Amino acid sequence: MHISNNRHRCRTRLCVTLLAAALSAAMASPGALAQSAAATQSFHIASGPLGAALNQFTGQSGLQVLYDPSLVQGRTASGYDGAASPRAVLDVLLKGTGLTYQFTDAGTVVIKQGPPNPPRRSAKPVSATSQKADQKPEPTTLQTVTVTGTRIRGGTTPSPVITIGSEQIQQEGFSDLGEVIRSIPQNFSGGQNPGVLIGNLAGAGNANQNLTGGSSLNLRGLGADATLTLLNGRRMAYGGFTQAVDISAIPVEAVDRIEIVADGASAIYGSDAVGGVGNVILKRDFDGVTVGTRFGKATQGGLVGREYDITAGTTWRSGGLIATYMDDSIDPIYSSQRSYTTQLVDPTTSTLYPGSNLRSGLLSAHQSLGDFAELRLDALRTTRDQLQSYNYSGTHSRATPDTTTTLVSPSLEVWLPNDWSLSLGATSGRSDHHEYRLQTVIATGAAIVTDACYCNDSRSYEIGAEGPLFPLPGGDSRLAVGIGYRENQFRDVDHVTMANTFKGSESVRFAYAEFNLPLIGPDQAVRGIQRLDATAAVRREDYSTFGGVTTPKLGVLYGPNPDFTLKASWGKSFKAPTLFEQHYAQDAYLFPPRFFGGAGYPADATVLVLDGGNRNLQPERATTQSVSLAFHPEALRDLEAELRWFRIDYRDRVIQPIANSSQALSNAIYAPFVDVAPTPQVQADVISSATTFYNYVGALYDPNKVAAIIYTQYANVARQHIHGVDLSGSYRLELGQGGLTLRGSTSWLDSTQQTIATQPAFALSGTLFNPPKVSSRVGAVWNRGGFTASLFANYRSGVTNRVDEVKSASFTTFDVALRYATGKRGDVWSGMVFALSLDNAFDRDPPLYQVRLPLYVAPYDSTNYSAIGRFLSLSVSKHW
């Protein structure tokens with residue numbers, strides 16, 4: 001049995017009644033799930049050998065295709081180019097071959113011999129001399145496919161996979177990948193996102209503020225640095241000092257799909273994949289040139305956007321390429337343009353949303369080397385300029401930062417005998433965030449200039465092999481193994497002094513192995529077991545800084561019949577401490593004890609404080625578990641639904657443990673971080689480890705008068721418990737000459753944190769600057785011919801301000817998108833696409849809360865709710 005290169009996707013559907021009930025009960029639902037076997041998708045499959053056509057079908061449909069290689073040998077397929085359901089395309093590809101197919105579950109198709117068996121057609125390739133002069137050679141498609149959540153070709157993952165294809169992105173009117181990920185209920189829109197307020201004036205934490213202007217995945221709200229982001233399976237460079245990766249830097253026009261595994265994946269990918277992994281997969285083949293433009297604005301004022309893009313590509317018999325360039329500029333939103341922020345000091349100069357100008361270019365090419373290997377190259381360069389400003393305590397800060405991100409990733413796939421393959425890959429990434437900030441004292445006009453660079457560099461090299469081991473009743477067992485090397489560097493460069501404020505680097509050697517064991521398959525006819533697969537993976541990473549970490553993952557997939565699939569997984573994941581947390585400059589301070597709540601000390605007593613990075617940090621570790629049940633009835637093939645439970649025990653989280661420094665000497669919970677009897681030698685070690693020693697007591701330092709040492713630098717002390725339930729699904733109805741697809745996703749999240757072992761845990765989810773308890777997106781898409789209309793509701797439950805225990809209102813918005821594609825015609829309108837999008841159609845303002853600094857802080861939670869309001873955009877494109 002051959003398993004065509006594919007990816008197993010989590011694809012779920014709910015019937016009309018179930019969706020309506022979920023919406024009315026909790027505004028719960030929908031999100032980004034793969035389309036059904038009957039849902040219309042775009043296909044571009046070249047005619048030629050049937051095996052190659054099935055490989056192309058697999059990569060474009062997301063279905064797993066199983067077949068005996070002898071069945072397709074010598075058979076050809078006529079190809080397909082257009083929009084249709086996967087079933088309809090399979091009917092075309094298999095027409096006249098004597099073969100048939102059967103869906104064994106929602107994501108798996110088995111190709112079988114069907115009676116009668118007609119003579120096989122010749123698969124002899126067309127020679128260059130016999131081909132017509134005006135006929136373009138069909139590209140050769142080898143067995144290359146990117147699978148998220150597993151390294152096994154044709155393998156399955158025990159973790160559900162959320163897949164959002166380019167067609168869905170167009171249907172729902174998303175203009176970039178930042179909008180896509182913010183629509184996913186499993187993702188938290190805090191962390192690094194352009195709508196999050198800068199300066200940390202609201203107390204949301206350093207990780208919850210806009211620095212680079214990019215958009216980063218933040219699954220389950222664990223932090224942008226605890227979700228791994230990949231481009232065609234390769235790591236991208238970190239950005240800023242929080243290790244956030246800007247997914248919106250990738251031009252959406254070049255994206256085939258994005259796949260998200262919201263489960264621990266360190267056994268497959270290594271560090272950072274605690275909340276999960278997101279993989280952006282680029283289009284392989286693109287023919288022609290498409291030019292487009294988009295104009296939009298917020299109806300309350302500000303955020304006027306202008307976008308221009310061009311995408312070009314071509315294919316030839318042995319390969320193809322796609323190149324795209326985008327220029328996108330938006331105006332800022334000022335506080336004076338929103339009624340609920342006009343009370344801020346000088347609202348005409350305080351931004352709620354930054355202005356920016358993005359210039360992004362991408363090239364992706366592949367070249368076959370005969371029928372045994374393929375070279376691939378992905379290259380990306382993005383530059384983003386921003387304008388941000390805010391006022392605080394008599395000063396005005398105006399920032400004009402710019403961020404440049406580059407990535408170059410060549411790879412080679414070699415196909416060996418007996419269905420084995422060898423892969424070699426390398427990646428070079430860089431992100432330079434140039435932070436230029438002018439801080440002016442309003443009363444005197446005195447100015448302070450910050451001119452620095454947060455510079456990240458990364459390199460990685462990897463070699464891997466994959467292939468069958470031995471036959472099992474359900475098919476061949478398969479193994480994937482590999483080794484590699486990765487290095488990261490972070491520099492904080494002061495451009496005023498032209499010196500490194502601090503610099504940190506680390507190198508990593510890793511090795512991994514993954515097994516897929518199909519124990520029972522449909523052909524065994526075992527009662528009560530149609531399918532039973534076991535999976536196992538383990539990865540070892542050895543760091544130059546803190547040592548080694550081993551992460552295993554076990555999984556099982558069980559299908560009692562064609563209608564249900566049960567998945568379960570258990571694993572370990574980890575996140576290495578960031579280079580900023582390790583190498584941020586340590587400073588020592590000498591203060592009077594009263595500054596830290598000290599009482600009863602001699603009048604000349606002092607305390608020594610050590611603040612900054614910590615080079616002794618250890619990795620953050622997590623244990624992850626998940627169980628999911630998918631429903632995909634054969635009797636109602638346009639219905640799919642999935643229910644998933646997950647749990648994460650996340651320990652040794654890196655934080656600065658003394659949250660309230662004014663109680664460091666008076667609150668017993670901080671005792672583990674206070675040395676109340678420091679010896680002169682310990683004091684000398686603290687001072688010698690500091691970059692700078694600041695004395696604020698008005699007298700010379702005397703070790704005999706130091707009553708305590710307070711350690712406020714980063715430490716592995718916090719523990720988080722996260723669990724919840726995801727519900728997702730879709731259902732398609734044929735309505736006359738058109739079709740209606742209902743789809744959605746909802747997520748309920750419960751997370752707590754115990755900062756110190758001696759104090760009780762407190763709630764995270766459902767509180768200010770943390771993910772809400774319930775997030776949903778539910779809606780419908782109607783299409784007929786070239787016309788598509790969609791309506792989606794977005795729901796976020798309210799969050800509680802822990803200061804006054806007041807819970808905000810929930811936030812519900814509605815998005816509308818209309819799209820018309822003229823298709824191929826014989827006039828100037830050929831290849832035209834017109835699209836109109838209306839986000840937050842009813843212009844809902846964000847829920848407000850009582851802020852501590854009402855003259856300087858906008859009174860809404862910018863990590864959960866947006867100040868944009870209603871946003872209208874119109875786009876036009878033409879393809880030649």
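User: In what order do the 5 strands of the open sheet lie, and how should such a sheet be read?

Analyst: Strands of a sheet pair through backbone hydrogen bonds, either parallel or antiparallel. In this predicted model, 5 strands form an open sheet with the order 9-12-13-10-11, and the pairing is mixed. Strand 9 (161–165) and strand 11 (234–235) are the edge strands, each pairing on one side only.

User: How many bridges join strand 10 to strand 13?

Analyst: Strand 10 (residues 227–231) and strand 13 (residues 276–282) run parallel and are joined by 5 bridges. Within this pairing, Thr227 stands opposite Gly276 in strand 13.

User: Turning to Glu541, is this residue buried or exposed?

Analyst: Buried means under 20% relative accessible area. Glu541 has 0% relative accessibility and therefore counts as buried. The residue is found in strand 27 (residues 531–543).

User: Which polar contacts does the side chain of Glu541 make?

Analyst: One is with the side chain of Arg486, at 3.3 Å; another, of 2.9 Å, joins Glu541 to the side chain of Arg539. Leaving aside neighbours within four places in sequence, Glu541 is in contact with residues including Tyr269, Arg486, Phe510, Val549 and Phe574.

User: What is the radius of gyration of the protein, and how is it to be interpreted?

Analyst: The protein contains 9 helices and 46 strands. Its radius of gyration is 28 Å, close to the 29 Å that the globule rule gives for 880 residues, so the protein is as compact as a globular protein of that length. The C-alpha trace spans about 100 × 55 × 55 Å along its principal axes. Of the 880 residues, 58% count as buried.

Note on methods. Residues numbered from 1 in each chain as written. Predicted model: local features only at pLDDT ≥ 70, side-chain atom pairs only at ≥ 80, totals over all residues. Heavy atoms only, no water. Pairing = 2+ DSSP bridges. Helix = DSSP H or I, 4+ residues; strand = E, 2+ residues; numbered from the N terminus. Buried < 20%, exposed > 50% of the residue type's maximum accessible area, 1.4 Å probe, protein only. Polar contact = N/O pair within 3.5 Å; in protein donor to acceptor, adjacent residues only side chain to side chain. Contact = heavy atoms within 4.5 Å. Rg over C-alpha atoms; globule rule 2.2 N^0.38 Å.
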